[in-house]
Amino acid sequence: MAEYHWTGGELPTFVSHLECSLTGERYPADTLQTLSKAGRPLLVRYDLDGVSRALPREALATRPQTLWRYRELLPMRRPENVVSLGEVVTPLIPLPRIAARLARGGEILVKDEGRLPTGSFKARGLALAVSMAKELGVETMAMPTNGNAGAAMAAYCARAGIKAYVFCPDDTPAVNVREIAMQGAEVLLVDGLIDDCGRLVAEGEREVGWFNCSTLREPYRIEGKKTMGIELAEQLGWQLPDVIFYPTGGGTGIIGMWKAFTELEAIGWIGPKRPRMVVVQAEGCAPMVKAWEEGAEHAPRWQNAHTFAAGIRVPQAVGDFLILRAVRESGGFAIAVTDEAIAEAWREVATEEGLLLCPETAATYAAYKQALADGRVRPNDRVVLFNCASGLKYPMPEAGSRLKLGSTVDWRQLTQS
């Protein structure tokens, strides 16, 4: 995978300032920042008129197929601080057999983020967060994770020469824990959930001064995740789909894509049409669904959170109001599905289409079927499901029949089974 390099001077950045997502208070861009004074995420703001003048849409045709092709809408200033592991543009994969059976004229597309470095969409956000941390002089970073984000931070920190500390719930899949450790990070397993890990990271931030890279507690992971929305628009000929089903834990991706669509319209690359944004959670951990159903702006901590889809087992999100804002402004909805439905959806897509999703994305397919049945989605809609990680990173049910060499095979019984 080719990296994207620039030569000479500063990058053509159009960042104007940072802005509190709750109050609108402005903060300087080129200083290290965490949350705003109101305790809410900071958003990167750009001179979009300047971007529009400097970057005609047609210019993208000559650029390498990496997320860095959108550099005018990213915050990096100096090319030597770009930390890249080859962040490719991920494919849109249709599910034609399932669509023929269920959609009746619609289209089901999977944006397969498992093709990115470290095998998940977390590479987008962490590529930007670590690059900006390097640019701003950070020497040590820490984060809580259910697995994939920690693996991405560990990889990019190793690439950047930044020390990394990663706190995981003690039931985090072993493949993630070993991946994080193999990439040089210090891994600490915690008897608790991801927000318990987050409290320990915040304590370390206060006590020893490491930089807290928790979800939405720094401004730049959103900027990496928003490239999913830009890519999606470009891949669909600058027309957005009817519905996006998004597996939602901390919600950085849904916030980032909604921001991307606003910026793309402002620079004249897309029109006013927006997809309906659908938050998908598991019934065992559905704080955003509960808040959406109750018409609330914030989602209190979900007690006794549980689901085998670990990436969406996030009891509370600091950007809850931003997630809910995107859902409501788009005319979307929030939906919860059972672990049993997730497991069945996981098998169904793999068996019928040959695409091994991660469990969190299986939840989006289960949610799509549920929404199709209850009328919230139309059969002729163009729908996008986000596959946030390679299914190969997850424990799967035992399978296979054992044969001993020299044994007699009952071929008729085998072919009838």
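Which helix lies across E7 and E8? Keep that in mind as we walk through this model, which is predicted.

Let's begin with the sheet that holds those two strands. It's an open sheet of four strands, and if you read across it the order is E8-E7-E6-E9, with parallel pairing. Strand E8 (186-190) and strand E9 (211-212) stand at the edges, and each has a single partner strand, so one side of each is left without a neighbour in the sheet. For E8, look at how strand E7 (residues 163-169) sits alongside: five bridges join E7 to E8, and the two run parallel. To spot the pairing on your screen, find Cys-168, whose bridge partner in E8 is Leu-189.

Now back to the opening puzzle. The helix you're after is H5, residues 174-182, which lies across both E7 and E8 and runs at about 150° to E8.

Next, jump further along the chain to strand E13, residues 382-387. Is E13 mostly covered or mostly open? Five of its six residues are buried, so to speak tucked under 20% relative accessible area, and that makes E13 mostly covered.

E13 also has strand partners to look at. Strand E5 (residues 107-112) is joined to E13 by six bridges, and these two run parallel. Here you can pick out Lys-111, whose bridge partner in E13 is Phe-386. Strand E10 (residues 243-247) pairs with E13 as well, again in the parallel sense, over three bridges. In that pairing, Ile-244 has Val-384 of E13 as its bridge partner.

Terms used: Residues numbered from 1 in each chain as written. Predicted model: local features only at pLDDT ≥ 70, side-chain atom pairs only at ≥ 80, totals over all residues. Heavy atoms only, no water. Buried < 20%, exposed > 50% of the residue type's maximum accessible area, 1.4 Å probe, protein only. Pairing = 2+ DSSP bridges. Contact = heavy atoms within 4.5 Å. Axes fitted to C-alpha atoms, helices over the stretch in contact; angles between N-to-C directions.
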